[in-house]
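Trainee: Could you take me through one part of this model closely, the place where two helices pack together? I would love to see how that part fits into the rest of the chain.

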Amino acid sequence: MFGVGLHSAIVFAAAWVGIGTVVALLPARYIPPGAFLLMLLLVPLMPYLWIAGNPFLAVLFLAAVGSLLRWPIVYLGRYIRSKFTGEDFQGPKFDFY
């Protein structure tokens with residue numbers, strides 16, 4: 001059906017964005033597991049999109065990822081900053097469980 005190439009990479013990236021949108025619309029208690037699953041799927045998808053042909057599309061997709069997963073990126077930045085500065089890291093507080 002799909003060969004390994006740019007078209008299948010674009011289809012997989014669009015499916016990832018669609019799944020991310022659905023996860024964002026779920027109730028709050030389902031968002032962290034969904035975001036974790038999306039980050040796991042992102043690991044093979046980014047190099048595939050980059051290698052499949054167009055690095056510009058990979059950077060554009062990375063911007064979409066940053067838009068959908070902004071809070072995990074913020075907390076990752078805070079964690080890295082706390083490691084460099086030595087201050088305490090205050091992770092996310094999930095009060096809805």
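**Where H1 meets H3**

Mentor: Happily! On one side of this contact are Leu6, Ile10, Ala13, Trp16, Val17, Gly20 and Thr21 of H1, and on the other are Leu57, Phe61, Ala64, Val65 and Leu68 of H3. Contact here means heavy atoms within 4.5 Å. Of the residues in this contact of H1 with H3, 10 are nonpolar, 2 are polar and none is charged. In that count Ala, Val, Leu, Ile, Met, Phe, Trp, Tyr, Cys and Pro are nonpolar, Asp, Glu, Lys and Arg are charged, and the others, Gly among them, are polar.

A word on what you are looking at: this is a predicted model, in which local features need pLDDT of at least 70 and side-chain atom pairs count only at pLDDT 80 or more, while totals for chains, interfaces and linings use all residues. Residues are numbered from 1 along each chain as its sequence is written, and side-chain values use heavy atoms, with hydrogens and water left out.

Now the geometry. The axes of H1 (residues 6-25) and H3 (residues 55-68) come within 10 Å and cross at roughly 10°. These axes are lines fitted to C-alpha atoms, for helices over the stretch in contact, with angles running from 0 to 180 degrees between N-to-C directions. H1 and H3 are therefore roughly parallel to each other, a label for angles under 35 degrees.

Next, zoom out a little. The protein chain has 4 helices and 0 strands; helices (H or I, at least four residues) and strands (E, at least two) are DSSP runs, numbered from the N terminus. The largest nonpolar core has 14 residues, and Trp16, Leu42, Met46, Leu49, Phe61, Val65 and Leu69 have the most contacts inside it. H1, H2 (31-51) and H3 each give two or more residues to this core, with the largest share, 6 residues, coming from H2. Such a core is a set of buried Ala, Val, Leu, Ile, Met, Phe, Trp, Tyr and Cys residues joined through side-chain atoms within 4.5 Å, where buried means under 20% relative accessible area (1.4 Å probe, protein chains only). In soluble globular proteins, nonpolar side chains tend to be buried together.

Val65 is a good residue to click on: leaving aside neighbours within four places in sequence, Val65 is in contact with Trp16, Leu42 and Ile73. Finally, for the whole protein chain of 97 residues, 20% count as buried.

Notes: Parallel < 35°, antiparallel > 145°, perpendicular 65-115°, else oblique. Buried < 20%, exposed > 50% of the residue type's maximum accessible area, 1.4 Å probe, protein only.
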